[in-house]
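Here's a quick write-up to read alongside the coordinates. Have the viewer open and click along as you go.

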Amino acid sequence: MNKDSGIGSIVHLGAGALSGVTSCVLLQPFDLLKTRMQQSQTQGTSALGKGSVVRAVRTVVSADGVLGLWRGTVPSLIRNAPGTSL
């Protein structure tokens, strides 16, 4: 293994980790809404309404604010960033 190969590997690991972090942060609101809608269907509650994404967004934003859409981002980052870096 020469010196350039080691640097190239580090660059690839960094690029992979950065892509994982970016996708987690950008897609977290959609994942949160999907999970909340699934939970409301399985628990039989109608708090979010049946199949209404807009209603789900309003419920989350009214309860937790806009940043509430990114609730659970850190555990997602811990789970996904190492896997995408490899």
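What follows goes from the overall fold to a few side chains.

## The big picture

First things first: this is a predicted model. The chain has three helices and zero strands, so to speak a plain α-α-α pattern when you read along the sequence. Helix α1 covers residues 3-42, helix α2 takes in residues 53-64, and helix α3 runs over residues 73-85.

How much of the chain is buried? Of the 86 residues, 23% fall in that class. The accessible surface adds up to about 6100 Å², and carbon and sulfur atoms own 65% of that. As for contacts, take those with a sequence separation of 6 or more: 67% of them are between residues 24 or more positions apart.

## A salt bridge inside helix α1

The model has three salt bridges by the usual distance rule, which asks for a Lys or Arg side-chain nitrogen within 4 Å of an Asp or Glu carboxyl oxygen. One of them pairs D31 with K34, at 3.6 Å from N to O. Both residues sit in helix α1, three residues apart, or about one turn of the helix.

Are these two side chains buried or exposed? Neither label fits: D31 is partly exposed because its relative accessible area is 30%, a value between the 20% and 50% cut-offs. K34 is also partly exposed, since its relative accessibility of 43% lies between those cut-offs.

## The R36, D64 and R71 network

Now for a bridge that reaches across the chain. R36 and D64 meet through their side chains in a salt bridge of 4.0 Å, N to O. This pair links distant parts of the chain, with R36 in helix α1, D64 in helix α2 and their positions 28 residues apart.

D64 has another partner too: it forms a salt bridge with R71, where the closest N and O atoms are 3.5 Å apart. Which residues end up in one network through shared partners? They are R36, D64 and R71. On the accessibility side, R36 comes in at 25% and so counts as partly exposed, and D64, with a relative accessible area of 34%, is partly exposed as well.

## T73, tucked away in helix α3

T73 belongs to helix α3. It is buried because its relative accessibility is 12%, under the 20% cut-off. Which residues does T73 touch once its neighbours within four places in sequence are set aside? The contacts are V25 and Q28.

There's also a polar detail worth a click: a polar atom of the T73 side chain lies 2.4 Å from the backbone oxygen of W70.

## L18, out in the open

L18 lies in helix α1. Its relative accessibility of 56% is over the 50% cut-off, so L18 counts as exposed.

How far apart are the C-alpha atoms of L18 and A81? They are separated by 7.6 Å, although the two residues are 63 residues apart along the chain.

Note on methods: Residues are numbered from 1 along each chain as its sequence is written. This is a predicted model: local features need pLDDT of at least 70, side-chain atom pairs count only at pLDDT 80 or more; totals for chains, interfaces and linings use all residues. Side-chain values use heavy atoms; hydrogens and water are left out. Helices (H or I, at least four residues) and strands (E, at least two) are DSSP runs, numbered from the N terminus. Buried means under 20% relative accessible area, exposed over 50%, partly exposed in between (1.4 Å probe, protein chains only). Contact means heavy atoms within 4.5 Å. Accessible areas come from the Shrake-Rupley method with a 1.4 Å probe; for residues, only the protein chains shown count as cover. A polar contact is a pair of N or O atoms within 3.5 Å; within protein, one must be able to donate a hydrogen and the other to accept it, and residues adjacent in sequence count only if both atoms are side-chain atoms.
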